[in-house]
Every structure is written in structure tokens, then in C-alpha cells.
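Open the model in your viewer and keep the sequence panel visible. The tour below goes from selection to selection.

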Amino acid sequence: MGSISYNAQRKLILIGFLAIPLLLLGLLTYYPAVKLVYLSFTDWDGISSESMWLGFENYKEIFTNPDLFGVFLHQIPYALIGIIQNIVAILFAVILNSRLKGRNFFRVLLFLPFIMNAVAVAFMFQYVLDTTNGSLNGLLGALGLSSLQQSWLGNASLVNYSLASIGFWRFMGYNMVIYLAALQAIPGDMYEAARIDGAGRFQTLWYMTLPNLTKIIQLNMFLTISGALAVFDLPFVLTKGGPAGASETFLLKTIETAFQFNNFGLASAMSVVLLLLTIVVLGIQNAVINRRGGE
Amino acid sequence: MTTRRFDFVQPIKYVFLLIGAFVVLFPPYVVLVNAFKREDEGGSPFALPASFLNMDNFKTVFERADLGHAFLNTLVIIVASLIGNIILGTMVAFALGRIEFRGKGIILGAFLFATLIPTITTQVVVFSLLQDLGLYNTLGAPIMLFIGADVVQIYIYLQFIKNIPEELDESAMMDGASLFRIYRTVIFPLLGPATATLVILKTINIYNELYIPFLYMPKTELVVVSTSIMRFAGNNQAQWGNICAAILLIMIPTVVMYLFLQKYIFSGVTSGAVKG
């Protein structure tokens, strides 16, 4: 190989090293995305070789049928709980960033749920939230709060909050670790200077710590919102969208429409809508962050 | 120094931390104690079991949920996907990070833009594609998707390769080493820390992935960890002792890995996020 010029080697390496990854990228990401857009204008059933061109019929269906676009309302609790989750994560990050015995122990413990298998966590909470045998209702009873006992997953107006709270349990520690890393990147002498200037603890928090976190807060907020748009596993495993469709999400509906009702055309259109919403959210995020950065 | 007086903030911090610790530990505690209970044991869900030596639930689920197969299949998928990710990821990083060529920006952009497209939204199409390739109901389907449809490794390696000084390549070239040799003996070993991060993050992700194995491998023998518990709980009318044992068995591997590798996991998680 030593006899081949480096220029020729570069070409060989480029072809040899990039061919397979690019082929996979095209095959598994871009071809499906393009095909998805095409199928979204048809009534393809997933099996037959023929399909009819429908124009914007599928899209009209999505936006006019409240059973389809309307399920996004079920996902508002995920966004709300996600915001609370970020606030709590910042609180714990600030606490763990201070001088404290057992800091590492608590950091390891609060992050623990993130590492656990998602399906196992779902079943664990099915047990905890069970109406009759459930330990949450048992705990409330033991504390003399029987009036708060609920059918956590069976009550239509509560189920999405219950499911979103499981997400809170799993991901709070993850957010916290990210905030903690951002906090540790703030130079210590800034705090020293603030202390010398006589700033109190809460003044330091409000005027120094939080402004330094702005970028990472925005990032986490957008992750929360795009996550809320694509909620899927928890209702899929625990409620199958019930009771009476109260915990259906848009992605769950999309998957059902395709694989249960064999309406791949409509499902493709739904996927495209979700994809566009995600891209819009990310676009806004980039615009906001760049505007800030440019100041 | 300020005068030493009672600091009232410190106890409040511990109160918050203890509440947090309770909320985190309460569900696993309930699962733990109930995994050891016989079905007729009754009593409150918080009570300790009659004996922590009662392994009946574990034996039952290990057989009935086919956990042996599940762990083996999951391991095969993880190992195969990681090998593919490491080899292809370092190759892409070497080509894009070390060689200047026309069209580089477009290729880089194509990889970066792919992260915007959530994998699950395109499954409607990918499903029939993998069917046509004959990968449906084989371990090949998830392996193919974990290798080809996830590009996070390219991000990690590209970030990392920037910090490897180009002088190393240049001095190897002075010695007449071929580019492939430079990749294999200089760059690949020096990307080791990035590989460690990748191995940890991907192992957790693949171990936790539910939807891909559910959709592509309905066949009984192709059970993985995530689908084993779903099938088991679906077939058996809520025998909570058994389900708790299954939950525990499934949680243990990643939790143990976490306790031993926490330092790497934290740095992996934060390096992935701060990059933005």
C-alpha cells in the first residue's frame, strides 16, 4: 500500500469508509422519509401493490377529525409535568452543587431511575398505581389520606397525569445531572466575587446561577416539548390508550392506524405531521438559541 | 469570615434530598419485598416477606417468561450492534474528520439532519423495507436498525477526533504509513474513550428499547428483555409476586453496571447533552 500516493489513498479511504454508512443512511433514514411523504397522499393498505392517489385527503382527515389531531390534548399533561420536572431538577442540581455531605450518594441515587429498563419501570408503576393492591393507595391509607386514593390509571381525567408522572420519576435525575454539569462549569471565582460584594444566597441564585443556565434550560425545555409530542411507550405498555381512549397519543394512534387498521396512507400522513411539528419545535429552538448567542 | 451561626438552609436541603430519595426508592422497594412473597402470603404491600430465601417467584418467571432466551438474544443484539457502530462510526469520523474533499459539507449535513428525524415516525415505511430484505422476524432487523438508523456515534466520534492532534498523522505519514494503517494503529486506539462512552450509552439504549423488538420480532424464540416481561404479564392474570420478580431480574443488569461505571455514565450523558 505504501507505493500508492496519499492522494489516491485518500480517495480509496473516502469510498471505502463512507460507502456503507451512506448506503445505510439513505436506506434507513432518507428513503423512508421520502417514501413516507409519497404514501401520505395515497390510501396504501400496507400489503397490496396498488394504491390510489388521494391528494391532501389524508391531511384533511387529520386536521378535521377530532379523534386524530385532538389527541394532542392528551399530551398537554406531559408538557406541564415536564416543565415541573425541569424546575425540580434545577432545584436538586443547585442543592447538589453546594457543599454538602453525601453529595455523590444523592446524585447516584436520584439518577438511578434513568438507568432502569423502561418496560420494567412501566410494570413497576402498574403495581404501585394499582387501585386495589397498589402501594400508592396503600401508602395514602396508612398516612390517613384515604380520601386521596384514586384509580390512577383508570380515571380518564387523571390517567395522563399519572403516566406523565412516571416519566417525571424516570427522567428528573437525568435532567438534574445535565444541570449539575452546567453549574459546575460556572467559574468558582464568580461566586467568590459575589460573596465579597455581599450578595446573599438567593440573590446569587437569582442573578448569577440561573442566568448562567439559560442556554441549557432552553435546551431541556425543547427536549421536553418534542418529547411530549412523541409520547409513546408508557401508554403503549400500561393503558393501551385507555380508559376509553383517554390516554391515546398521536404516535400511538399512528402506529395503530398502520399496523392494526392497515391504513398506511393515513398513518404516513400522521407521521409526516409529527415530523413537521418536531422540526418546527427544533427550528424555533435553534432560532432562539442563535439569537441569544448573537447578542 | 462570617460569624458561625446556625445555618438553617442546610437542614432544608437534606429534607428535599430525603424526600427525593424516598420517591426514587419507594417503587423499587415495593417490588423488591413482593418479589419474595408467596401468593398466599397476603398482608400489606409494604410488609417484608416471610423469607428472603423464597426464590419460587424467580424460578417461575425465569422459565415462564423465557428470560434465558431473552438475555441471550439481547446480548447478541447489543454486541453485534456495538461492533457495527464502532467500526462504521470510527470510519466515518476518520473520513470526515481527517480528509478534505468536495461535498464534505453535504455529507456531514446529511448525517446531522438525520438526527432530527425520530426513528419511530418512519417505521411505517421501514417496516415493509425490512420485510422485503427478509429481516422480519430475525435478529438482523434490530441489529440493522441500531447500526444504520442511529447516528449518535458519528457525533461522538467527530467531536472526539478533533482533539487528536493532526501532527500524529503527519509524523506517521513521514514514516511512510498508509492512511489505513494510520486509522487502524493511531486514530482507532486514541478514540478509545469515545468508544467507552458509546458502548455504555448504546448498551443502556438497546437494553431499554421496547418498540423495535416488539414490532420486528414477534416470534416466540426471538424474545428480548423488554418484550419478555410484556408477553409474560399479558399471558398471566396479574400474579404480582411473579411480575415483581421479573421486574427485578430485568432491572438488575443495568443497575449493577451503573453502580460500577457511574463515572463514565455521568460523563457520557453530559458530553452527549452539552454538545447540544
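What follows is a walk through a predicted model, starting with one chain and ending at the core.

**Chain B as a whole**

Select chain B and colour by secondary structure. The chain has 13 helices and zero strands, so that colouring needs no strand entry in the legend. Along its principal axes the C-alpha trace spans about 75 × 75 × 35 Å. The radius of gyration of chain B is 24 Å, against a value near 19 Å for a compact globule of 276 residues. Of the 276 residues in chain B, 38% are buried. If you draw a contact map, take the contacts in chain B between residues at least 6 apart in sequence: 75% of these join residues at least 24 apart.

**Annotated spans in chain B**

Next, select residues 12-36, 70-94, 106-130, 142-161, 182-201 and 240-261 of chain B. An unreviewed UniProt entry annotates these as "transmembrane region". Two of them can be checked with a distance tool. Residues 12-36 of chain B are 96% helix and 0% strand, and their end C-alpha atoms are 36 Å apart. For residues 182-201 of chain B, the figures are 95% helix and 0% strand, with 27 Å between the end C-alpha atoms.

**Val33(B) and helix α1**

Select residues 9-35 of chain B, which form helix α1, and pick out Val33(B) within this helix. Is Val33(B) buried or partly exposed? Val33(B) has 19 C-beta neighbours inside 10 Å and therefore counts as partly exposed; the cut-off for buried is 20 or more. Leaving out residues up to four places away in sequence, Val33(B) touches Leu48(B) and Pro49(B).

Now draw a C-alpha to C-alpha distance from Val33(B) to Val126(B). The pair is 93 residues apart in sequence and 43 Å apart in space.

**Helix α5 of chain B**

Val126(B) brings you to helix α5 of chain B, residues 123-132. The buried residues in this helix include Gln123(B), Val124(B), Val125(B), Val126(B) and Leu130(B). Step just past the end of α5(B) to Gly134(B), where phi is positive, about 75°.

**Chain A: two domains**

Switch to chain A and give separate colours to domain 1 (6-58) and domain 2 (69-294). Their C-alpha centres lie 33 Å apart. Where they meet, twelve residues of domain 1 of chain A are in contact with ten residues of domain 2 of chain A. On the domain 1 side, helix α1 (residues 6-39) of chain A supplies the largest share, three residues. By class, that side of domain 1 of chain A has five nonpolar, five polar and two charged residues.

**Annotated spans in chain A**

Select residues 12-31, 76-96, 108-129, 216-238 and 258-284 of chain A, which carry the "transmembrane region" annotation in an unreviewed UniProt entry. Residues 76-96 of chain A are 100% helix and 0% strand, with end C-alpha atoms 30 Å apart. Residues 258-284 of chain A are 85% helix and 0% strand, and their end C-alpha atoms also lie 30 Å apart.

A wider selection is residues 72-285 of chain A, where UniProt places the feature "domain: ABC transmembrane type-1" (unreviewed entry). This span is 73% helix and 0% strand, and its end C-alpha atoms are 20 Å apart.

**Where the chains meet**

Show both chains and select the residues in contact across them. Chain B contributes 70 residues and chain A contributes 67. On the chain B side, helix α13 (residues 240-274) gives the most, with 15 residues. The chain B side divides into 55 nonpolar residues, 14 polar and one charged.

**The largest nonpolar core**

For the last stop, look for the largest nonpolar core, which has 147 residues. Which of its residues touch the most other members? They are Ala120(A), Phe123(A), Ile229(B), Ala246(B) and Ile247(B). Helix α7 (residues 159-184) of chain A gives the most to this core, with 15 residues. Both domain 1 (6-58) and domain 2 (69-294) of chain A give residues to this core, so the core lies between them.

Finish by centring on Ala246(B). Apart from its neighbours within four places in sequence, Ala246(B) is in contact with Val61(B), Ala65(B), Ile229(B) and Phe232(B).

Technical notes. Residues numbered from 1 in each chain as written. Chains lettered and ligands numbered in written order. Predicted model: local features only at pLDDT ≥ 70, side-chain atom pairs only at ≥ 80, totals over all residues. Contact = placed C-beta atoms within 7 Å. Helix = DSSP H or I, 4+ residues; strand = E, 2+ residues; numbered from the N terminus. Nonpolar A, V, L, I, M, F, W, Y, C, P; charged D, E, K, R; others polar. Buried ≥ 20, exposed ≤ 12 C-beta atoms within 10 Å, placed from the backbone. Domains from an automatic or database assignment. UniProt positions renumbered as here; feature names shortened; annotations may be inferred. Core = buried A, V, L, I, M, F, W, Y, C linked by C-beta atoms within 7 Å. Rg over C-alpha atoms; globule rule 2.2 N^0.38 Å.
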